[in-house]
Amino acid sequence: MTIRVLIADDQELVRTGFQMILDAQPDMEVVAAVPDGAEAVAEARRLRPDVCLLDIRMPKLDGLEVTKVLAGPGVENPLRVVIVTTFDLDEYVYGALRAGATGFLLKDSGPTLLIEAIRAAASGDALVSPSVTVRLLQHLAQPKRAAVQPEEALTERELDVVRLVARGRTNQEVAAELFVSLSTVKTHLGSIQAKLGARNRVETAAWAWESGVVS
């Protein structure tokens, strides 16, 4: 299966560089590379790519607005969005995740992380890496009591899973640390997301930091 990707960035060199990296992968194809948010929305709706790779700062519509339009709450048949940003734009990244993005990475993260993020998004997962996601969530989150208390919402084992996810562990790593099967981890994650109303593991991680489950 070929992963069809749309790239939106106002810097031509970035668009070209990302396209060269992705088109070199045997399972990826860049179907559009556009310079602004308005064109990103139009092309995404027309082409329905598997993953939209969006910059935060773009003309006409920024990455946050594009994410809301393509993947936000209430959007019918939402697309999968990965945000590309720099660390000094944390607040925008956090807003994008809340708007429906399935992951994010730093522009200087390198080709490997870029490819991993896109593959994760395409498979319905999200890239949650200790070097990116956890650092941003730690920086942004102000621990507070959740609307539904953690101990009331989740079982102890589900809380164990949440803590590991919030620290950037993959499903395989969670299974190994908790001495359970991979299918058991996936079952727990499904239950956790249903209870929290989270659409993906990034939102689950954000909830963990916000609620004080992880500190």
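1. Which residue of β3 does Val5 stand opposite? In this predicted model, the residue that Val5 faces in β3 is Val51. The two strands concerned, β1 and β3, run parallel and are joined by four bridges, and β3 itself covers residues 51-55.

2. On its other pairings, β3 is also joined to strand β4 (residues 81-85) by four bridges, again in the parallel sense, with Leu54 standing opposite Ile83 of β4. Between these two strands in the chain comes helix α3 (residues 63-71), and β3, α3 and β4 together make a right-handed β-α-β unit.

3. Strand β3 is mostly covered, since five of its five residues are classed as buried. Val51, Leu53 and Asp55 point one way from the strand, whereas Cys52 and Leu54 point the other way, and residues on both sides are buried. Please keep Asp55 in mind when reading the points on charged pairs, as this buried residue has a relative accessible area of 6%.

4. The strand β1 (3-8) also pairs with strand β2 (residues 28-34), in the parallel sense and over six bridges, and within this pairing Ile3 stands opposite Met28 of β2. Here too a helix takes part in the connection, for β1, α1 and β2 make a right-handed β-α-β unit.

5. Turning to charged side chains, the count of salt bridges in the model comes to nine. One of them joins Lys107 and Asp9, with an N to O distance of 3.1 Å. Lys107 lies in the loop between β5 (103-106) and α5, while Asp9 lies in the loop between β1 and α1 (12-23), so this pair ties together parts of the chain that are 98 residues apart in sequence. The partners differ in their surroundings: Lys107 is partly exposed at a relative accessible area of 25%, whereas Asp9 is buried at 1% relative accessibility.

6. Lys107 has a further partner in Asp55, the closest N and O atoms of that salt bridge being 3.5 Å apart. This contact links strand β3, where Asp55 is found, with the loop between β5 and α5 that holds Lys107, across 52 residues of sequence. Taken with the previous point, Asp9, Asp55 and Lys107 are linked in a network of salt bridges.

7. Where do the partners of the salt bridge between Glu158 and Lys195 lie in the chain? Glu158 belongs to helix α8 (residues 156-166) and Lys195 to helix α10 (residues 182-196), and the pair links parts of the chain that are 37 residues apart. Their side chains meet at 2.9 Å, N to O. Glu158 is buried, with a relative accessible area of 5%, while Lys195 counts as partly exposed at 41%.

8. Helix α10 also contains Ser191, which counts as partly exposed at 25% relative accessibility. The C-alpha atom of Ser191 is separated by 8.7 Å from that of Leu154, a residue 37 places away along the chain.

9. Finally, helix α5 (residues 111-122) has 12 residues and reaches 17 Å from its first C-alpha to its last, which is close to the 16 Å expected at 1.5 Å a residue. Its buried residues include Leu113, Leu114, Ile115, Ala117 and Ile118, together with Ala120, Ala121 and Ala122. Just after this helix, Gly124 takes a positive phi of about 90°.

How values were computed
Residues numbered from 1 in each chain as written. Predicted model: local features only at pLDDT ≥ 70, side-chain atom pairs only at ≥ 80, totals over all residues. Heavy atoms only, no water. Expected span 1.5 Å × (residues − 1). Buried < 20%, exposed > 50% of the residue type's maximum accessible area, 1.4 Å probe, protein only. Salt bridge = Lys/Arg side-chain N within 4 Å of Asp/Glu carboxyl O. Pairing = 2+ DSSP bridges. Right-handed = clockwise from strand over helix to strand, strands pointing away.
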